[in-house]
Amino acid sequence: MQNNLNPMSPRPDLRDLLANLHPLIGLYRKMLEVVRAERAALAEADLKAIQDTTAAKQAMIDELAQAEIARARLVAQISPAYNKKQQTLTLQQLIVAIQGFDQKLAESFRVTHSALSLLIKRVQEQNTYNQTLVARSLDHVQQVNMNLLGGGPSRSDTYGAKGARVSTPGGARLLSREV
């Protein structure tokens, strides 16, 4: 495989990038735990737990954003050595470029990439499920509100004296009169 390393650029220490990526695995594992706890809280309709998981999720997002800033700085330092722009250099490209001269480091990047990809995919799937659950819950609440406020479909069908179904006009009926 052809090495895309620019010989005029100083070789950046790729181990710094790898060291930066390893904590991301831990952060995404924690995020997966948080979104799973959020799912349980949503299923149980536990308002306190929903608030707690939302706060924990926001804290995780903040930590991930800080880690992403640090990762972007390292990629900005590394990308010129591979004749790539910071925005276009991918971990897969980096693995291909270094596997010719440092197979062990390339394998470490490959394992890290696989772990991050899997964790990110699971977090995204769980978030999608949670969003669907919230949307369905909101639809249900809106339907209940419509029914309670009289805006929903009338369910005033009853059975008459001979067991035949009798439709009565929808709306409230007066059940008793006090004089």
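This report describes the fold, surface and selected side-chain features of a predicted protein model.

## Secondary structure

The protein contains four helices and two strands. Along the sequence these elements follow the order α-α-α-α-β-β, with the helices preceding the strands. Helix α4 spans residues 103-148.

## Burial and contacts

The protein has 179 residues, of which 27% are buried. Among contacts with a sequence separation of 6 or more, 62% involve residues 24 or more positions apart.

## Accessible surface

The computed accessible surface of the protein is about 12600 Å². Carbon and sulfur atoms contribute 55% of this surface.

A nonpolar patch of about 350 Å² is present on the surface, formed by V144, L148 and L149. One of these residues, V144, belongs to helix α4. The relative accessible area of V144 is 33%, and V144 is therefore classed as partly exposed. Patch membership requires over 30% relative accessible area, a cut-off that the 33% computed for V144 satisfies.

## Aromatic and charged side chains

The structure has zero aromatic pairs. An aromatic ring does, however, take part in an arrangement with a charged group: the charged end of R39 sits over the ring of Y129. The distance from the charged end of R39 to the centre of the Y129 ring is 3.9 Å. Y129 falls within the residue range 103-148 of helix α4, the helix that also holds V144 of the nonpolar patch.

Notes: Residues numbered from 1 in each chain as written. Predicted model: local features only at pLDDT ≥ 70, side-chain atom pairs only at ≥ 80, totals over all residues. Heavy atoms only, no water. Phe/Tyr/Trp six-rings, centres within 6.5 Å; stacked < 30°, edge-to-face > 60°. Lys NZ or Arg CZ within 6 Å of the ring centre and 35° of its normal. Patch = residues over 30% accessible without salt bridge, like charges linked within 9 Å, V, L, I, M, F, W, Y side chains within 5 Å. Areas by Shrake-Rupley, 256 points an atom, 1.4 Å probe, with all protein chains shown as cover. Salt bridge = Lys/Arg side-chain N within 4 Å of Asp/Glu carboxyl O. Buried < 20%, exposed > 50% of the residue type's maximum accessible area, 1.4 Å probe, protein only. Contact = heavy atoms within 4.5 Å.
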